[in-house]
Amino acid sequence: PILHDGGSRIVSYRVEALEKGQQNWVKCADVKTTHHVVRGLKENFDYFFRVSAQNQAGLSDPKELLLPVTIKEQLEPPEIDLKNFPNNTLYVRAGSNLKVDIPISGKPLPKVTLSKEGIPVKSTLRFNTETMAEIGR
């Protein structure tokens, strides 16, 4: 936050970004709070940010971060969606196939293993698993 408002209440803050190696600052937002999430940045790029305060007298000189920020993908913990999974015993005719889809999400996409009593289940001609990234995510 700006330390001195010049006697006129601050009405908004301007957030700007500069991609490292570029010349022009880009306005990200004019906001009324001291917290803001900037969207649309390129992953693995470095950005400098600066903020100006606005009051009745106009826009202040910007305050700039001294070091750039490297944009990284937001990590998400793994989540398993079992709401459509049968919670009772399934009966399948011998020799028939049973396909079960269990949506699993997370960033990066979690590594999935299947085990029984702590021992990984190996794929065979009769039993196999497949992990696919969900289309449209």
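This passage describes the overall fold, the backbone geometry and a charged surface patch of a predicted model.

In the predicted model, the protein contains 10 strands and 0 helices, and the order of elements along the sequence accordingly reads β-β-β-β-β-β-β-β-β-β. The dimensions of the chain depart from those of a compact globule: for 137 residues such a globule would have a radius of gyration near 14 Å, whereas the protein has 26 Å. Taken along the principal axes, the box filled by the C-alpha atoms is roughly 80 × 35 × 30 Å. With regard to burial, 16% of the 137 residues count as buried.

Several features of the backbone are located in the loops. Most residues other than glycine have a negative phi, and most peptide bonds are trans. Against this background, Asn-44, although not a glycine, has a positive phi of about 65°; this residue lies in the loop that connects strand 2 (26–31) with strand 3 (46–55). Asn-44 has a relative accessible area of 51% and is therefore classed as exposed, the cut-off for that class being over 50%. A positive phi, here of about 55°, is also found at Glu-117, which is not a glycine either. Glu-117 belongs to the loop between strand 9 and strand 10 (119–120), and because its relative accessibility is 76%, Glu-117 likewise counts as exposed.

A further departure concerns the peptide bond that runs from Lys-107 to Pro-108, which is cis, with omega near -5°. Pro-108 is placed in the loop between strand 8 (104–107) and strand 9 (115–116), and Lys-107 is the residue at which strand 8 (104–107) ends.

On the surface, a negative patch is formed by four glutamates, namely Glu-43, Glu-73, Glu-76 and Glu-79. Of these, Glu-73 is situated in the loop between strand 6 (69–70) and strand 7 (76–80), while the range given for strand 7 (76–80) takes in Glu-76 and Glu-79. Glu-43, for its part, falls within the loop between strand 2 (26–31) and strand 3 (46–55), the loop in which Asn-44 is also found. The relative accessible area of Glu-73 is 35%, so this residue is described as partly exposed; it nevertheless qualifies for the patch because the accessibility required of a patch member is over 30%.

Note on methods: Residues numbered from 1 in each chain as written. Predicted model: local features only at pLDDT ≥ 70, side-chain atom pairs only at ≥ 80, totals over all residues. Heavy atoms only, no water. Patch = residues over 30% accessible without salt bridge, like charges linked within 9 Å, V, L, I, M, F, W, Y side chains within 5 Å. Areas by Shrake-Rupley, 256 points an atom, 1.4 Å probe, with all protein chains shown as cover. Salt bridge = Lys/Arg side-chain N within 4 Å of Asp/Glu carboxyl O. Lys, Arg positive; Asp, Glu negative; His and termini not counted. Charge placed at Lys NZ, Arg CZ, Asp CG, Glu CD. Helix = DSSP H or I, 4+ residues; strand = E, 2+ residues; numbered from the N terminus. Buried < 20%, exposed > 50% of the residue type's maximum accessible area, 1.4 Å probe, protein only. Rg over C-alpha atoms; globule rule 2.2 N^0.38 Å.
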